[in-house]
Amino acid sequence: MEIRYYIAARQKNGYQVQAPKTSYIKCLDKSQTIHGVDIDTLFLGELGALYQLYQVAKTGKEDFLIFQQDRRFFTEYAEDKQRIREDFLDNDTEQQYGLCRLDGYCEKYDILLPSERKVKHTKHKTAAAYMDEYEKKYGTHRFGIFCKNLCSSGLVKQDIVHKVRKKNKILDLCLFGMKREYFLEFCEWMFAVIARTHAAIDRSHDPRRRLGDYSQWAAFALQCYVESKKEVRAGRLPVVAFHSARFENAWMPAFSERNLPIVLSSSDFYVIYLSAMLWSVIEHSSKQYNYDITILESGITDENKKILKQMAKDYPNVSIRFYNVCRKMSGIHLKAGGHISVETYYRLLIPQIFEKYKKILYLDSDMTVHADVAELFSVCLDGYMVAAAHDMCIAAFCNGSDPTFLPYCINKLGIEEYWDYFQAGVMLLNLERFREKYTQDEIFAVAEKRQYRYVDQDIMNVLCKGEIRHLPLVWNCFPDMGNYIYEYLPYKLLLEYKQARKAPKICHHTGPVKPWQEVFADSLMTDRFWAVSRKTPYFEHVFTREVHGIVQFYFREYAVNRPVRRALRWIKNRIVVPFGKIFIKKDTKLYKKIQYTYYHLRGIELPTWQLAMEEEETE
């Protein structure tokens, strides 16, 4: 028996299931004449692909044809469930559910169908009541017209249609497998009924919700067809539905020679600031190298991607690509807080995503580059996992600026050589050494082990402990941190920092105060950011957002919040706190629950550092 699996797919390229005897059938891309009636493919959906398959099957030689949708597949491994939901279709889930390997069922049955679903989950007793309620919502009776056409078609009797309407189960998916003769007969009959119904109704004003009507009606017709074929052997299988059904290929270098891979990460909100970083890299690029830039993201819009790519249109040696990390981050639960966003964790995926690369440069998005980053690739990483600059703030903390950090660094992070602690905004990574020492699961095991004060930066320091090469501070120059840092900063590092500020190669706008939020935070860093941002297509967006933020801050702090905060502070300090100290003891479960509730009511998350301090106290 020759069996063929067909996948209806709406994507323009790339097939869905890596299995033998599988064909990729695209949906119709223009109006198609079906039985003499022009039907816009907008209303056909996956039925457009089924019609294409029907035309192919007329001259084909397959004994059994299986039609499945782009994200829904038959499976025999369902743990007694009718429907299974999975986030991503990949090699693991393809093997787990045995997709497109149903040959045994094809030999046993004449027709394969999805499991029916009870309509009680829709608060209706019968399929007819369910469909009538749906029709009533839009003030139409189209399904009734479709049923009349089914009854008058000659293939299915009227009592069969009424029987299916009275059932307490519905078939809500139009995917099936059939022997060749049944497949051709069903498609010929079903498309004739749809064409006749389409000619009798007006769909020009349908809302988006109704575009799937024909697919739903086709599933109903499939129920009726099977009920009318008493002689056939019909088998039912559960269905696994994937949120995303696009296979990912290995990330390959953009250029075959002199390829310099650079990785950034950003959210859609941060794109307008990322553009300044991106342009500063492009502006200082050299023609003798090729710059392979990848932006790790999980929600940047297509429009913003197009704008960012256009920034390099006059630079043939610069490639800008985007990598969606949703699949890689699925099931990973990591917290961020304060000014640190969850996107900063994406750098932990670099060894796995860029498995075809040996060395890679990671750069934070809140910085501007003022030299050719190609210089960094000449740094030798033999015997090192990473090359990065010292973190001046951490150096000052360990010298006494924050008395709690040194015990945290030694006892919790296990970094006894605390003077080696580096800033993770600029990192030249030795990926070969990373993959040799850790698997991706081991990296995230470290990440999920505890609540870190400086999240992924602490994690990177733990992972690279003892194998760190320090870069000059000119490659990661901080803004002015004030006397509370300089008073405790190691003197050699202070001298190096003063020298770096004269001609920084990378200005890193680290910390919660950014140049686009506080114009006079650090004139050196602020001026450099605005000079670059002015050349980007997002300059007006950055400026407008800053002005809006200033106005919003004024009204929030001075016009509204200040008098309200004064009143609330008086109530808290004079009433709540004194009585609370009497009745509620500190460090009890009730005390911590109230503390969490207080932060929740204020609409802010309990600070990351405070969570870490609580953990230290409990351990």
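A salt bridge is a side-chain nitrogen of Lys or Arg within 4 Å of a carboxyl oxygen of Asp or Glu. The exercises below use a predicted model.

**Exercise 1. Describe the protein chain as a whole.**

Step 1. Start with the secondary structure: the protein chain has 24 helices and 22 strands.

Step 2. Turn to burial. The chain has 619 residues, and 51% of them count as buried.

Step 3. Take the surface. About 31,300 Å² is exposed by the protein chain, with 51% of that area supplied by carbon and sulfur atoms.

Step 4. Look at contacts between residues at least 6 apart in sequence: 80% of these join residues at least 24 apart.

**Exercise 2. Work out which residues form the network of salt bridges around Glu227, and describe two of its pairs.**

Step 1. A search of the whole structure finds 26 salt bridges. Glu116, Lys163, Lys167, Glu227 and Arg236 are linked in a network of them.

Step 2. Take the pair Glu116 and Arg236, whose side chains meet at 3.7 Å, N to O. Glu116 sits in the loop between strand S8 (111-114) and strand S9 (117-118), while Arg236 belongs to strand S12 (residues 234-237); the two are 120 residues apart, so the pair links distant parts of the chain.

Step 3. Compare their exposure. Buried means under 20% relative accessible area. Glu116, at 10%, is therefore buried, whereas Arg236 is partly exposed at 38%.

Step 4. Take the pair Lys167 and Glu227, with a salt bridge of 3.5 Å, N to O. Lys167 lies in the loop between helix H7 (158-166) and strand S10 (169-170) and Glu227 lies in helix H9, so their salt bridge ties together parts 60 residues apart in sequence. Both Lys167 and Glu227 are buried.

**Exercise 3. Describe the salt bridge between Glu436 and Arg433.**

Step 1. The closest N and O atoms of this pair are 2.9 Å apart.

Step 2. Both residues are in helix H16 (residues 431-437), and because they are three residues apart there, about one helical turn separates them.

Step 3. Glu436 counts as exposed, at 60% relative accessibility; Arg433 counts as partly exposed, at 23%.

**Exercise 4. Describe how helix H6 and helix H9 pass each other.**

Step 1. The axes of H6 (residues 142-151) and H9 (residues 213-228) come within 11 Å and cross at roughly 35 degrees.

Step 2. The crossing is right-handed.

Step 3. H6 makes the contact with Arg142, Phe143, Phe146, Cys147 and Leu150, and H9 with Trp217, Phe220, Ala221 and Cys224.

**Exercise 5. Decide whether Phe242 and Phe583 are buried or exposed, and give their surroundings.**

Step 1. Phe242 lies in strand S13 (residues 239-244). Its relative accessibility is 1%, so Phe242 counts as buried.

Step 2. Leaving out residues up to four places away in sequence, Phe242 touches Arg71, Phe73, Glu86, Asp87, Phe88, Leu89, Thr93, Tyr97 and Leu99. From Phe242 to Glu86 the sequence separation is 156 residues, yet their C-alpha atoms are 4.8 Å apart.

Step 3. Phe583 is in helix H22 (residues 539-583). A residue is exposed over 50% relative accessible area, and Phe583, at 65%, is therefore exposed.

Step 4. Phe583 helps to make a nonpolar surface patch of about 1,000 Å². Other members of this patch include Val564, Leu568, Trp570, Ile571 and Phe579.

Definitions and conventions
Residues are numbered from 1 along each chain as its sequence is written. This is a predicted model: local features need pLDDT of at least 70, side-chain atom pairs count only at pLDDT 80 or more; totals for chains, interfaces and linings use all residues. Side-chain values use heavy atoms; hydrogens and water are left out. Patches are made of residues with over 30% relative accessible area and no salt bridge: like charges are joined within 9 Å, nonpolar side chains (Val, Leu, Ile, Met, Phe, Trp, Tyr) within 5 Å. Accessible areas come from the Shrake-Rupley method with a 1.4 Å probe; for residues, only the protein chains shown count as cover. Helices (H or I, at least four residues) and strands (E, at least two) are DSSP runs, numbered from the N terminus. Buried means under 20% relative accessible area, exposed over 50%, partly exposed in between (1.4 Å probe, protein chains only). Axes are lines fitted to C-alpha atoms, for helices over the stretch in contact, and angles run from 0 to 180 degrees between N-to-C directions. A crossing is left-handed if the near helix is turned anticlockwise from the far one by less than a right angle, and right-handed if clockwise. Contact means heavy atoms within 4.5 Å.
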